[in-house]
Amino acid sequence: MRRLMVSFLAIALFAGSSTALLAQDRYVVQGTVTGTDGLARGGTAILVEGTNAGGLARSDGTYRFELRASGQVTVNATLIGHSSASEVVTLGDEEVITVNFTLGIDPLGLDELVVTGVSNPASKLESSVSITTIDPGLLEVSAPRTTAEIFRTIPGIRSEASGGDGNTNITVRGVPISAGGSKYLQLQEDGLPIFLFGDIAFATADIFLRADANLDHIEAIRGGSASTLASNSPAGIINFVSKTGALAGGSIGTTVGLDYNSTRFDFNYGGPVGESMNFHLGGFVRNGEGPRQAGFTAARGGQIKANLTRNFDTGLVRIYLKYLDDRTPAYMPGPIQVTGTNENPDWESVAGFDAQGDGLQSVFLQSNFGLDGSGGRRVSDVSDGMRALSKTIGAEVSFDFGDGWNVQSRARIASNSGRFLAPFSAAVGTPADILAAVDGAIDPDLTGATLSISHTGDPFSGNLLQVITLFDTELEDFDNTITDTRISKTQDNVTFTGGLFKGVQRIKMSWLWNQYLTEVRGDNAALVDITDASGTKISETGQIGFGVPFWGNCCQVQYNSSFDVTAPYAELSIAASPTVNFDASVRVDIVDVRGVGAGGVQGEVDINNDGDISPIEESVSSIDQSQRNPVDYDFDYASYSAGLNVMLNDNQAVFGRFSHGASAKADRAIFPTGTYVDPIQFGPKDEIDQAEIGLKQQFSNGGLFLTGFYASTTEEGGFEATTQAVIENDYQAFGAELEASFVFDAVDFRGAVTWTDAEITSGDNDGNTPRRQPSLMYNLIPTVGFGDEGQHRFGVSLIGQTKTYAQDSNELVMPAYNIVNAFLSVGITEGLHVSVGANNLFDTIGITESEEGSITENQVNFVRARSITGRSLTASLGYSF
């Protein structure tokens with residue numbers, strides 16, 4: 001990777017020195033950018049078409065840059081949230097050219113080109129898809145601490161942003177949470193998927209995706225042509241689009257936690273290199289404990305990204321690199337107290353364990369000792385948490401060959417590996433209840449057993465204990481190679497696009513879980529040992545099993561397979577008239593799966609190599625390498641989509657679309673046991689039919705996007721590790737989604753509301769509401785600019801939902817909640833600002849999931865559930881240049 005970076009910078013320097021010789025006549029372009037309200041529009045990008053010349057408007061709206069060209073040029077002005085403007089300028093004898101711009105308001109970006117989930121870019125107003133654009137300025141106001149919290153600001157998206165910076169459950173418009181991750185939605189970076197599958201157990205795509213100063217904007221498409229223009233993404237696509245250095249500039253910034261231990265440094269810089277190239281470089285580093293108490297440094301690492309673009313008269317070639325090595329804590333469901341009734345429960349923190357601020361991590365549980373996938377002894381570091389290691393190199397090529405022909409190709413090779421290591425509360429209760437449960441899971445008789453604190457030997461005197469399953473999963477090889485090439489031909493008003501997607505995804509991982517006994521406490525919970533009535537210690541330093549005896553030793557597994565996906569696709573787009581656009585597309589995914597898998601076996605193993613077999617060494621779980629099962633199956637499926645968009649006038653359009661798509665299973669098709677060859681244990685894919693009808697309306701000071709939707713999901717079953725259950729239901733959902741944004745002088749208001757009526761349509765829970773599915777979700781984000789030049793900004797974001805059910809049985813209710821975030825930025829001088837951000841300002845409990853589906857009513861219950869993280873405050877100092 002270091003050699004690649006050196007070569008990358010050498011190319012940039014060579015290109016700059018060689019192309020500078022080709023300079024033409026020199027001019028100075030200057031001017032002012034204002035809005036229709038007459039106020040300055042600082043930050044507007046001014047770029048001369050077909051060149052690298054340009055600059056950013058200062059806070060007072062003025063700009064100035066040099067241009068080397070001749071003849072006639074087009075000068076473009078663009079600013080997110082505004083309509084773009086262009087001026088054609090004839091270069092002559094005058095060395096100073098003045099071009100002033102007045103930008104109209106377009107806060108929803110209805111005039112912006114859509115590039116995600118479509119084959120041919122078109123404006124949002126002219127496209128028959130629902131898409132949202134989010135810029136970094138909007139993200140600041142919502143004060144996200146993780147990538148998952150960014151997703152909460154997207155209409156129709158439910159992101160359970162309670163598990164940390166990864167392993168997030170994400171759903172779209174009533175499409176269900178079938179097991180975990182983002183099964184029906186694809187996460188992309190610069191137009192290509194992070195992973196081919198969004199719900200790989202303990203290796204979800206968002207673990208390997210970071211938002212930093214490299215981010216230009218996010219595009220999020222719900223439904224629409226996502227079924228046919230990407231694999232395994234029928235419900236939508238979220239695409240992180242990187243800066244490319246088209247304009248010179250950058251930033252540096254430091255963010256610290258005010259009420260928790262965290263320090264982060266971000267930087268980025270980019271700009272032209274000579275007359276025909278531009279580059280961008282940026283990244284971040286961080287260190288700290290994280291917003292929940294862990295007892296050790298749980299977040300550390302960073303990312304660096306770079307790209308280099310060579311511009312031609314008719315296209316471009318871009319190469320890019322990414323190196324990510326980051327560790328963040330994973331927050332799993334923990335103890336929470338529930339009283340009242342199932343329909344009207346009262347959720348609150350357990351004494352000594354804060355549901356919003358504490359984690360299950362502890363200074364006393366920093367190492368996990370046991371066997372590796374080959375049976376050798378190993379020690380893993382619990383502070384690794386969710387570790388993502390990714391080394392990526394990619395390229396993008398786009399050319400217009402004239403006569404209506406256009407080609408676009410993207411390719412990327414990624415070397416991915418890491419670890420998922422997180423404590424999970426497998427059971428919580430009184431000491432008597434937990435001892436009885438452990439007694440049923442291991443052989444020794446625990447009648448009359450006593451409990452002691454492991455690190456002191458003192459008797460345990462607490463009221464609650466919990467069994468901790470340590471999810472220790474080695475993500476050994478998750479490499480992928482992905483290409484997507486499409487060729488388009490436009491003739492008159494008809495455009496035909498043919499494309500071929502090719503992806504190979506490796507999935508090699510080992511589940512190496514162990515179980516421990518701890519007190520229930522948020523401030524460094526102690527490990528607890530068990531001694532039987534005869535004086536024999538049953539546990540060792542709190543460890544009650546090498547494996548997971550409490551779950552029947554289910555989960556020592558190794559899986560090593562390669563998923564080869566070939567997907568040809570085609571789209572026909574017809575501009576039937578200046579106001580009517582029709583498109584139809586089809587895709588066929590051909591999937592070939594080959595590899596090997598092995599399950600667990602029990603036996604005596606002298607783990608600590610002391611010559612004796614202790615009680616927990618009598619039945620040690622290990623991966624049975626003598627019974628390696630072949631993985632050998634293949635399948636294919638077709639997807640299709642058709643949409644119609646009608647412009648009623650220049651500012652109003654209606655659209656409709658129907659799509660049929662599917663999402664293939666990866667490891668969840670065969671885990672944890674069952675047949676590895678055709679026919680496999682579960683069906684290889686789950687299918688969705690979707691329909692949409694919508695209205696887009698642009699106003700002089702804003703716009704709105706109203707969509708009605710329908711989704712019907714047919715699932716073929718999949719395994720969920722935390723509940724040890726197979727999820728196999730069919731679902732149906734109706735709903736409506738409203739996204740609106742308006743500007744009133746210095747006040748910018750953006751909001752979205754999604755109403756969903758979802759229902760399970762098969763099995764024992766037929767007629768019930770799918771678990772964790774609210775009927776109403778919303779986010780409201782007002783911001784106000786103030787100061788002489790609007791250099792200061794204050795904003796609040798309100799994010800919330802109505803009640804949900806913990807499980808498909810529809811017994812235990814998880815109450816409605818609302819999160820208030822706040823942001824204040826003060827401009828000190830040109831480019832220099834200081835800001836303060838508050839996430840969950842009022843320290844709200846918001847339950848996102850519960851392992852228990854019911855409680856015993858009108859008494860105290862201790863369940864295992866996960867709340868959103870409580871209040872956290874940060875301060876930042878940044879400089880943009």
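## A walk through the predicted model

V438 touches L446, V467, I530, I544 and F550, leaving aside residues up to four places away in sequence. That makes a handy place to start, with one thing to keep in mind: what you are looking at is a predicted model. V438 itself is found in helix 5, which covers residues 431–439. Is V438 buried or exposed? Its relative accessible area is 1%, and buried means under 20%, so V438 is buried. For a sense of distance, pick out N214: it is 224 residues from V438 along the chain, and the C-alpha atoms of the two are separated by 50 Å.

One of the contacts of V438 is F550, so let's hop over there. F550 sits in the loop that links strand 35 (543–545) and strand 36 (557–577). With a relative accessibility of 22%, F550 counts as partly exposed, while V438, at 1%, is buried. Which residues does F550 touch, once those up to four places away in sequence are set aside? They are A426, A427, A437, V438, A441, V467 and Q515. V467 turns up here as a contact of F550, and it is also a contact of V438. Looking further afield, F550 and I154 lie 396 residues apart in sequence, and their C-alpha atoms are 40 Å apart in space.

Now for some sheets. Strands of a sheet pair through backbone hydrogen bonds, and they can do so in a parallel or an antiparallel way. Go to the low residue numbers and you'll find an open sheet of four strands in the order 3-2-5-6, paired antiparallel. Why do strand 3 (54–56) and strand 6 (85–90) each have one side without a neighbour in the sheet? They stand at the edges, each with a single partner strand, so nothing in the sheet sits along the other side. From one strand to the next, the twist of this sheet averages 15°. Zoom in on strand 2, residues 45–48, and you can see that three bridges join it to strand 3 in the antiparallel sense. A45 has L56 of strand 3 as its bridge partner.

Another open sheet also has four strands, this time in the order 24-23-55-54, and here too the pairing is antiparallel. Strand 24 (345–348) and strand 54 (847–850) are at its edges, each pairing on one side only. The twist here averages 50° from one strand to the next. In this sheet, strand 23 (residues 334–340) and strand 55 (residues 861–867) run antiparallel and share five bridges. Look for P335, which stands opposite R864 in strand 55.

One more strand pair is worth a stop. Strand 38 (residues 600–603) and strand 39 run antiparallel, joined by four bridges, and G600 has I623 of strand 39 as its bridge partner. In a regular strand the side chains alternate between the two faces of the sheet. Strand 39 (residues 620–623) shows it: V620 and S622 point one way, S621 and I623 the other way, and all are buried.

What about empty space inside the model? Rolling a probe the size of a water molecule over the atoms shows where such space is left. The count comes to 15 cavities of 30 Å³ or more. The second largest cavity has a volume of about 230 Å³. It is lined by 22 residues, and those closest to its centre are R152, I157, M777, I799 and G800. Which strands supply at least two residues each to this lining? They are strand 12 (157–159), strand 47 (747–760), strand 48 (776–786), strand 49 (792–801) and strand 52 (817–829). Sorted by class, the lining of the second largest cavity has twelve nonpolar, seven polar and three charged residues.

Two of those strands, 47 and 48, are linked by a loop that holds R772. R772 has a positive phi of about 60°, although it is not a glycine, and at 4% relative accessibility it counts as buried. R772 is also one of the residues touched by T804. The others, not counting residues up to four places away in sequence, are Q773, P774, L812, V813 and M814. T804 belongs to strand 50 (residues 804–805) and is buried, at 2% relative accessibility.

Last stop: R173, in the loop between strand 13 (170–172) and strand 14 (185–189). R173 is not a glycine, yet its phi is positive, at about 45°. With a relative accessible area of 5%, R173 is buried.

Technical notes. Residues are numbered from 1 along each chain as its sequence is written. This is a predicted model: local features need pLDDT of at least 70, side-chain atom pairs count only at pLDDT 80 or more; totals for chains, interfaces and linings use all residues. Side-chain values use heavy atoms; hydrogens and water are left out. Two strands pair if DSSP finds at least two bridges between them. Axes are lines fitted to C-alpha atoms, for helices over the stretch in contact, and angles run from 0 to 180 degrees between N-to-C directions. On a 1 Å grid over the protein atoms alone, a cavity is a set of points where a 1.4 Å probe fits but cannot get out, and a pocket is an open set with protein on both sides within 12 Å along at least five of seven lines; lining residues have an atom within 4 Å of a point. Grid points are joined across faces, edges and corners, and a volume is the space filled by probe spheres set on the points. Ala, Val, Leu, Ile, Met, Phe, Trp, Tyr, Cys and Pro count as nonpolar, Asp, Glu, Lys and Arg as charged, and the others, Gly among them, as polar. Buried means under 20% relative accessible area, exposed over 50%, partly exposed in between (1.4 Å probe, protein chains only). Contact means heavy atoms within 4.5 Å.
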